[in-house]
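The following exercises concern the protein chain displayed below. Please attempt each task before reading its solution.

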Amino acid sequence: VYTLSEKHNFRASFQNGFRFPALFEALSFVNNGNVRRVGGLSYINDGLGYLENSYTLASVNAFNAAYNKDRDPSLPPKTVDPAAALKNRALLEVTALNPTRPERINSFEAGYKSVLLGNKLILDIDAYLNEYDGFLGQVEVAVPTSGKINTDAGVTDMVADNRSKQTRYRVYTNAKNKYRNYGSSLGVTWIAYKKFTIGGNVNFNDIVSNKTTDVFITGFNTPKWVTNLSFGNREVVKNIGFNVVWKWQDAFFWESPLANGRVSAYSTIDAQVSFRLPKLKTTIKAGGANILNNRYIQYAGGPTIGALYYAAITVDGILK
């Protein structure tokens with residue numbers, strides 16, 4: 001941190017962190033019937049082969065789409081056509097997973113903060129860059145039971161009509177690529193007149209696209225633009241204050257094992273009024289979030305959110 005002329009403050013930082021797989025991510029073995037949810041540690045994999053002897057489900061689906069086009073139509077239903085299967089074997093992608101390891105992050109940040117115009121204007125600018133190594137997630141894979149991957153028997157096991165010869169696993173594992181996301185924010189607060197305050201901030205976030213696909217969808221799930229604007233006064237008249245905040249966020253595409261889908265842009269208005277009763281050492285607050293009841297969702301497959309209204313009474317300092 002470097003301070004120039006008392007009013008101009010510059011900062012820069014580097015942080016390194018890591019996250020161990022949770023117990024379920026590392027040690028789970030849950031048989032859900034068609035798909036088994038398993039941890040990524042090597043000894044959970046012993047005898048099962050989902051780390052080294054499996055195909056990604058996405059490639060199995062692509063393989064079956066091509067197989068169905070090439071299958072001999074004269075064959076009886078549910079009869080496997082080995083020739084059509086082996087013709088499209090190149091579409092099957094070997095998963096080749098490593099045992100799960102901790103997820104790591106390197107984070108770089110730089111910023112500037114200043115108080116200007118006789119302490120009436122506060123300015124705060126920030127920028128960051130994060131690099132994730134070993135990002136943790138889930139991938140669904142198929143293990144052949146008649147033969148090893150890349151053998152003829154292992155390929156024909158992947159035909160949908162041979163579903164009984166596949167064992168499906170949903171594996172907690174690390175992404176193979178490194179991921180970088182970056183962003184910036186600008187915050188401004190202005191004491192406009194007496195105790196009236198106008199403030200706002202705008203945030204930008206994005207992720208760097210990788211040239212190669214990964215074993216699972218990482219799900220950045222962050223809108224590019226988020227902003228809010230506030231107007232308030234701690235004491236507009238004696239012992240009475242208020243604050244109003246308008247929030248808006250951009251549309252974005254949500255990706256997760258549960259659901260994928262577009263989350264529409266939305267805006268909300270929050271408001272609060274407070275009443276101080278000094279003789280009773282009491283403050284009464286009433287307000288609401290999304291007071292106009294603008295219905296919105298925050299993620300694909302999630303609930304619709306409406307308004308929340310509240311009232312609170314705080315008694316402070318009664319033991320003095």
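**Surface, fold and local geometry**

The protein chain exposes about 18,800 Å², of which carbon and sulfur atoms supply 58%; accessible areas come from the Shrake-Rupley method with a 1.4 Å probe, and for residues only the protein chains shown count as cover. This is a predicted model, in which local features need pLDDT of at least 70, side-chain atom pairs count only at pLDDT 80 or more, and totals for chains, interfaces and linings use all residues. Residues are numbered from 1 along each chain as its sequence is written, and side-chain values use heavy atoms, with hydrogens and water left out.

**Exercise 1.** Determine how spread out the protein chain is in relation to the globule rule.

*Solution.* Begin with the secondary structure, which comes to 5 helices and 18 strands; helices (H or I, at least four residues) and strands (E, at least two) are DSSP runs, numbered from the N terminus. The radius of gyration is 28 Å, well over the 20 Å that the globule rule gives for 320 residues, so the protein chain is more spread out than a compact globule. Here the radius is taken over C-alpha atoms, and the rule is 2.2 Å times the number of residues to the power 0.38. Next, consider the extent of the C-alpha trace: about 85 × 45 × 40 Å along its principal axes. Finally, 34% of the 320 residues count as buried, where buried means under 20% relative accessible area, exposed over 50%, and partly exposed in between (1.4 Å probe, protein chains only).

**Exercise 2.** Test the span of helix α3 against expectation, then identify what covers its buried residues.

*Solution.* Helix α3 comprises the 14 residues 57–70. The expected span is 1.5 Å times one less than the number of residues, which gives 20 Å, and the end C-alpha atoms of α3 are 20 Å apart, so the two agree. The buried residues of α3 are Leu 57, Ser 59, Val 60, Phe 63, Asn 64, Ala 66 and Tyr 67. An α-helix has 3.6 residues a turn, so residues three or four places apart point the same way. The cover over the buried residues of α3 includes β5 (55–56), α4 (82–87), β8 (136–144), α5 (152–156) and β9 (166–174); contact means heavy atoms within 4.5 Å.

**Exercise 3.** Which residues beyond four places in sequence do Val 202 and Phe 204 touch?

*Solution.* Locate both residues: Phe 204 is in strand β11 (residues 196–207), as is Val 202. Val 202 counts as partly exposed, at 30% relative accessibility. With sequence neighbours up to four places away set aside, Val 202 touches Ser 184, Ser 185, Leu 186, Trp 225, Val 226 and Thr 227. The C-alpha atoms of Val 202 and Thr 227 are separated by 4.3 Å, although these residues lie 25 apart along the chain. On the same exclusion of neighbours within four places, Phe 204 is in contact with Tyr 182, Gly 183, Ser 184, Lys 224 and Trp 225.

**Exercise 4.** Are Ser 5 and Lys 194 buried or exposed, and what is the phi of each?

*Solution.* Ser 5 belongs to the loop between β1 (2–4) and β2 (8–19), and is exposed with a relative accessible area of 58%. Lys 194 belongs to the loop between β10 (179–193) and β11, and is exposed at 65%. Most residues other than glycine have a negative phi. Ser 5, however, has a positive phi of about 55 degrees, and the phi of Lys 194 is positive, near 50 degrees.
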